[in-house]
Amino acid sequence: MTRTSHSYPILKTRFTSCQVKRVDYEMKPKAGFLSLAEELLFYILSLLPCRDILRCTSVCKDLRQTYMSSSRLQYIVELSGQHLLPVPNTGRDHTPVSQRLQLLRDRAHAWFKFDLHSFKTISIPNIRYGQTFFTDGHFYFWDEVENSATIIPVLPKPSQQIIERKWSQEALRAVPHSINRGAFIDPGQNLIAVLYYVDDDSETFYIDLRALDRGGIHPRAAGRTLFLSDLPEDDDDDLIETTGTSLKGCGRHIALRRVYVTSVEDEDGEGISHEHMLQLQVWDWQHSTTSSSVLNHAIRYPAKGSSDFCFLENNRLLVIIEDLKLYSIEDMSQAPQLLACFLPPLFLSNLQCIFPMDDIEHGAQLQMQARQTMHTPDPANQLLCLTASDLVFVISTRIFFDLDGVAVAMSIPWNRWGPSNTRVLEHPDPTRFKIHVRGNRVLQSFEVDAGSIQYKLRMMDFSPLAVTNRRGLGRVVKEPSTIDIARS
């Protein structure tokens with residue numbers, strides 16, 4: 001009995017704490033990420049960036065199957081791959097995600113259906129001197145000789161209002177004896193803005209805002225006329241001559257670039273000094289007819305096409321004068337605020353900045369179209385074309401949005417931003433070579449021979465999905481390009 005009584009403590013000591021824990025662990029059911037409900041897996045993966053979703057699907061067969069069975073996850077990846085953003089406030093839209101996904105894929109593959117033998121012929125005005133723009137499915141022409149404007153529908157969207165009109169000089173006149181200097185047309189907002197001056201004062205400009213379809217004051221405009229600020233140091237003894245103007249807009253903003261020369265007699269009276277200046281003024285035309293957002297800049301090397309500008313989104317403005325300066329116009333009560341300065345690899349002349357804004361989100365217009373579009377291009381992941389003399393710079397706009405660590409006071413040299421964000425193409429003669437940019441694609445046309453009526457087209461796709469979607473067409477270029485610019 002004594003031996004038996006002593007056996008209980010001994011038996012108890014044989015079941016160690018480690019053994020008890022091991023048995024208890026083996027009795028618990030296994031739990032892990034893949035054992036979660038499928039709906040929860042979809043939700044967790046949908047919170048990840050596009051690249052992380054693809055990384056997960058590449059390392060695990062189960063996650064790959066989860067991805068392939070979810071139209072929503074594929075939709076997220078397709079949006080990111082095409083550098084698109086979902087349109088906000090589209091909760092009322094009940095289009096199935098699978099249908100949205102198919103629309104996106106059709107968009108990505110659309111240019112593989114490009115057919116040179118399928119075309120539409122339209123009659124266009126014969127304009128020797130003027131400007132031509134393509135926006136919102138319409139061609140817009142400004143004739144500098146006749147001071148007239150024409151808009152013609154070419155490829156309007158199914159849900160879009162179609163406008164076809166021609167305005168003579170008389171029809172564009174805002175007031176009697178006025179002379180038109182230019183116009184800006186935005187079919188998406190049913191807006192035409194006309195720049196003019198009255199013939200007894202050729203250096204005082206006004207901007208007239210009208211409804212594009214029926215004339216009269218625009219219903220969302222703060223007033224009929226936008227007023228310009230005075231020029232800096234505008235003395236009565238100074239002779240001022242405006243040598244160039246351009247009018248552009250983006251959503252609720254309209255901007256006027258004015259290049260002028262001031263001539264001042266020297267103090268000794270023996271000569272006249274000239275100073276070339278640029279004034280850039282931005283209005284929030286839906287809220288005010290005046291503006292404090294004015295930028296003044298001296299032009300050290302005046303030449304034809306020595307400056308230009310473009311909107312990158314509602315609150316960012318890129319101004320090119322010798323270099324590329326990025327400004328914020330978020331606060332319209334003050335002058336544009338410099339965010340960064342990017343140095344080009346050479347002196348820029350004969351400038352043209354090409355960045356279509358009619359697909360970029362801009363307030364009320366987008367909200368009206370929300371149920372039709374469901375997505376909009378991401379302005380931080382688009383292409384901008386800058387033509388300068390005989391070269392074209394195709395620039396990724398991400399460089400103008402990823403500004404972490406950038407000091408405003410320090411200019412960024414070309415070798416720090418250019419080679420990794422830019423492709424440089426030859427563009428010898430602007431009269432024979434044309435360039436157009438849309439999203440992440442660039443279309444370049446050029447004559448086969450001088451004076452020829454035959455043209456070649458070069459299409460380039462810079463989107464992340466371009467290689468995946470190319471279907472064996474074209475050539476994938478990964479190596480850096482080298483162009484001799486010493487002559488420019």
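Select P419 to begin; this residue sits in helix α10 (residues 414-421). Helices here are DSSP runs of H or I with at least four residues, strands are runs of E with at least two, and both are numbered from the N terminus. The model is predicted: local features need pLDDT of at least 70, side-chain atom pairs count only at pLDDT 80 or more, and totals for chains, interfaces and linings use all residues. Residues are numbered from 1 along each chain as its sequence is written, and side-chain values use heavy atoms, with hydrogens and water left out.

P419 has a relative accessible area of 54%, so it counts as exposed. The cut-offs are under 20% for buried, over 50% for exposed, and partly exposed in between, with a 1.4 Å probe and protein chains only. Now add S481 to the selection. Its C-alpha atom is 9.2 Å from that of P419, although 62 residues separate the two along the chain.

Next, zoom out to the whole chain. The protein chain holds eleven helices and 25 strands. Of its 488 residues, 43% are buried. Among contacts (heavy atoms within 4.5 Å) with a separation of 6 or more, 51% are between residues 24 or more positions apart. The accessible surface of the chain is about 27800 Å², and carbon and sulfur atoms account for 52% of that area. Such areas come from the Shrake-Rupley method with a 1.4 Å probe; for residues, only the protein chains shown count as cover.

Move to F33, L34, L36, L40, Y43 and L47, which make a nonpolar surface patch of about 560 Å². Patch residues have over 30% relative accessible area and no salt bridge; like charges are joined within 9 Å, and nonpolar side chains (Val, Leu, Ile, Met, Phe, Trp, Tyr) within 5 Å. A salt bridge is a side-chain nitrogen of Lys or Arg within 4 Å of a carboxyl oxygen of Asp or Glu. Within this group, pick L40, which belongs to helix α3 (residues 38-46). L40 is partly exposed because its relative accessibility is 39%.

Two histidines come next. H83 lies in the loop between α6 (71-81) and β1 (84-86), and H177 in the loop between α8 (169-172) and β6 (178-186). Is H83 buried or exposed? H83 is buried, because its relative accessibility is 15%. H177, at 55%, is therefore exposed. Check the backbone of each: phi is positive at about 55° for H83, which is not a glycine, and near 65° for H177, also positive. Most residues other than glycine have a negative phi.

Now select strands β11 (residues 253-265) and β12 (residues 272-284), which run antiparallel and are joined by 13 bridges. Two strands pair if DSSP finds at least two bridges between them. One bridge to find is that of L256 with Q281 in β12. Strand β13 (residues 293-298) also pairs with β12 in the antiparallel sense, over six bridges. Here V282 faces S293 of β13.

The last stop is S328, in strand β16 (residues 323-328). With a relative accessible area of 17%, S328 counts as buried. Which residues does S328 touch, not counting those up to four places away in sequence? They are N315, P336, Q337 and L339. Finally, show the side chain of S328: one of its polar atoms lies 3.4 Å from the backbone nitrogen of E330. A polar contact is a pair of N or O atoms within 3.5 Å; within protein, one must be able to donate a hydrogen and the other to accept it, and residues adjacent in sequence count only if both atoms are side-chain atoms.
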